[in-house]
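Let's take a walk through a protein together, one stop at a time. Keep the structure open beside you and look up each residue as we come to it.

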Amino acid sequence: MPSQKNSTPLFSFEFFPPKSEDAANSLKNVQQKLSILNPDFFSVTFGAGGSTRDKTYDTVIDIQQSGIPAAPHLSCVASTKENIREILNAYKDNGVSKIVALRGDMPSGMMSAGEFRYANELVDFIRQETGDFFEIHVAAYPEVHPQAQNAKDDFKNFQRKVDAGANAVITQYFYNAESYFAFMDDCEKNNIDIPIVPGIMPITNYSQLARFSEMCGADIPRWMRKRLEGFGDDRTAIRAFGAEVMTKLCQQLLDNGAPGLHFYTMNQSIATLAIWDNLQLPTNK
Ligand code: FAD
């Protein structure tokens with residue numbers, strides 16, 4: 001199994017832009033708690049078709065001003081080159097130098113795909129417009145993107161993003177470590193040596209997780225589903241089980257060469273902090 005271990009693992013936390021003042025205050029609190037862990041960056045999602053464009057931007061600028069780098073997600077579906085150019089320039093002017101470049105999904109009811117069809121075209125455009133200014137992160141799917149014909153085609157498409165100039169990769173979340181290791185093997189065979197950071201989805205709410213996983217093609221192994229179903233509405237038991245399972249998964253990934261971890265925090269700190277503490281990761285890297 002190829003190892004991507006380096007002396008300074010990459011740790012990052014993902015947020016979505018808050019929809020209300022209360023949610024914004026709560027996110028500030030979460031951000032403060034996670035800042036103590038000294039992550040490499042906080043990333044902020046971009047709603048389908050640009051639906052959170054302004055809120056993503058405001059959240060990113062707030063984070064960037066707090067001293068920890070922010071990495072805005074930018075999806076290109078339903079966008080024009082001019083829209084993307086404007087956003088890139090605004091980030092550049094504010095010292096934001098990391099981007100998570102995505103295709104995104106078409107919002108329901110919207111038919112036109114815009115000027116970009118796939119994320120590799122966005123990576124290409126960012127490089128054409130801004131040279132090496134941005135550190136570009138792209139998405140990968142160890143369990144295969146739900147719209148892909150098969151794993152081989154999906155991998156080839158993933159490779160287009162690397163060839164277009166991506167610097168690093170964040171994976172979709174998964175609960176089968178083997179899928180990540182197999183993906184890493186494919187990367188090694190194809191001489192891809194940029195960091196492939198596993199995406200980690202803490203488990204706190206089974207019905208929500210089942211819904212998300214259905215949409216994004218992440219497999220919840222049968223034994224985990226059956227355990228989670230057995231807890232019913234007992235949130236404490238779900239959290240305890242989730243912390244134990246995720247700690248073991250993260251440990252296995254780090255022990256076997258994962259170059260870091262990217263946490264899908266869902267704008268909450270408790271579950272992420274529990275995993276971090278269990279792993280005995282440093283608070284001051
Ligand atoms: P692509 O890499 O373009 O791939 C999409 C599909 O098209 C795949 O099936 C691929 O095999 C195929 N494909 C790719 N290139 C080609 C090509 N040149 N020719 C033919 N087929 C091709 N969504 C949001 O809306 N906002 C977010 O903030 C967001 N953040 C995310 C963060 C991470 C880390 C991840 C893993 C996903 C995120 N998503 C987000 C979801 C993502 O937008 C969806 O999974 C989307 O369906 C695919 O985006 P992508 O960038 O991986 O697309």
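In which helix does Leu249 lie? Find Leu249 in the picture and you will see that it belongs to helix α9. Before we go further, please remember that this is a predicted model.

Let's stay with Leu249 for a moment. With a relative accessibility of 7%, Leu249 counts as buried, because anything under 20% falls in that class. Now look for Ile220 as well. Leu249 and Ile220 are 29 residues apart along the chain, and 13 Å separates their C-alpha atoms.

Helix α9 also takes us to our next stop, a pocket. The second largest pocket has a volume of about 250 Å³, and 14 residues line it. Nearest its centre you will find Tyr175, Trp223, Met224, Val245 and Lys248. Three elements each give two or more residues to this lining: α6 (177-189), α8 (222-230) and α9 (235-255). Which of them provides the largest share? The answer is α9, with six residues. If you sort the lining of this pocket by class, you get eight nonpolar, two polar and four charged residues.

Since α6 helps to line that pocket, let's visit one of the residues in this helix. Ser179 lies in α6, and its relative accessibility of 13% makes it buried. What does the side chain of Ser179 reach? Its partner is the backbone oxygen of Asn176, at 2.8 Å.

From an open pocket we move to enclosed space. How can empty space be found at all? Rolling a probe the size of a water molecule over the atoms shows where it is left. A search of the whole structure turns up one cavity of 30 Å³ or more. The largest cavity holds about 50 Å³ of space. Its walls are formed by Tyr141, Pro142, Glu143, Val144, Gln172, Tyr173, Phe174, Cys216, Gly217 and Ala218. By class, seven of these lining residues are nonpolar, two are polar and one is charged.

Keep an eye on Tyr141, one of the residues lining the largest cavity, when you turn to the ligand. How many residues surround the ligand? There are 23, and the closest are Phe46, Asp105, Tyr141, Asp154 and Lys161. Zoom in on some of the atoms here. A polar side-chain atom of Tyr141 comes to 2.7 Å from an oxygen atom of the ligand. For Asp154, a polar side-chain atom is 2.6 Å from an oxygen atom of the ligand. Asn120 takes part as well: an N or O atom in its side chain is 3.4 Å from a nitrogen atom of the ligand.

Cys216, another residue in the lining of the largest cavity, leads us to the cysteines. How many disulfides does the structure hold? It holds zero. Cys187, for example, is in no disulfide, and the nearest cysteine sulfur, that of Cys216, is 19 Å away. Why does Cys250 have no bond to Cys216? The closest cysteine sulfur to that of Cys250 is the one in Cys216, and at 17 Å it is too far away for a bond, because a disulfide needs two sulfur atoms within 2.5 Å. Cys187 is buried, at 1% relative accessibility, and Cys250 is buried too, with a relative accessible area of 0%.

Helix α7 (residues 206-216) is where you will find Met215. Is Met215 buried or exposed? At 60% relative accessibility, Met215 counts as exposed. Look also for Thr80: Met215 and Thr80 are 135 residues apart along the chain, with 26 Å between their C-alpha atoms.

Our last stop is about the backbone. Asn267 is not a glycine, and yet its phi is positive, at about 60°. You can find Asn267 in the loop between β8 (260-264) and α10 (270-279). Gln280 also has a positive phi without being a glycine, at about 55°, and Gln280 lies in the segment after α10. Compare how the two residues sit in the structure: Asn267 is buried, with a relative accessible area of 8%, whereas Gln280 is exposed, at 72% relative accessibility.

Conventions:
Residues numbered from 1 in each chain as written. Predicted model: local features only at pLDDT ≥ 70, side-chain atom pairs only at ≥ 80, totals over all residues. Heavy atoms only, no water. 1 Å grid on protein atoms, 1.4 Å probe; cavity = no way out; pocket = protein on both sides within 12 Å on 5 of 7 lines; lining within 4 Å. Points joined across faces, edges and corners; volume = space filled by probe spheres on them. Helix = DSSP H or I, 4+ residues; strand = E, 2+ residues; numbered from the N terminus. Nonpolar A, V, L, I, M, F, W, Y, C, P; charged D, E, K, R; others polar. Buried < 20%, exposed > 50% of the residue type's maximum accessible area, 1.4 Å probe, protein only. Near = heavy atom within 4 Å. Polar contact = N/O pair within 3.5 Å; in protein donor to acceptor, adjacent residues only side chain to side chain.
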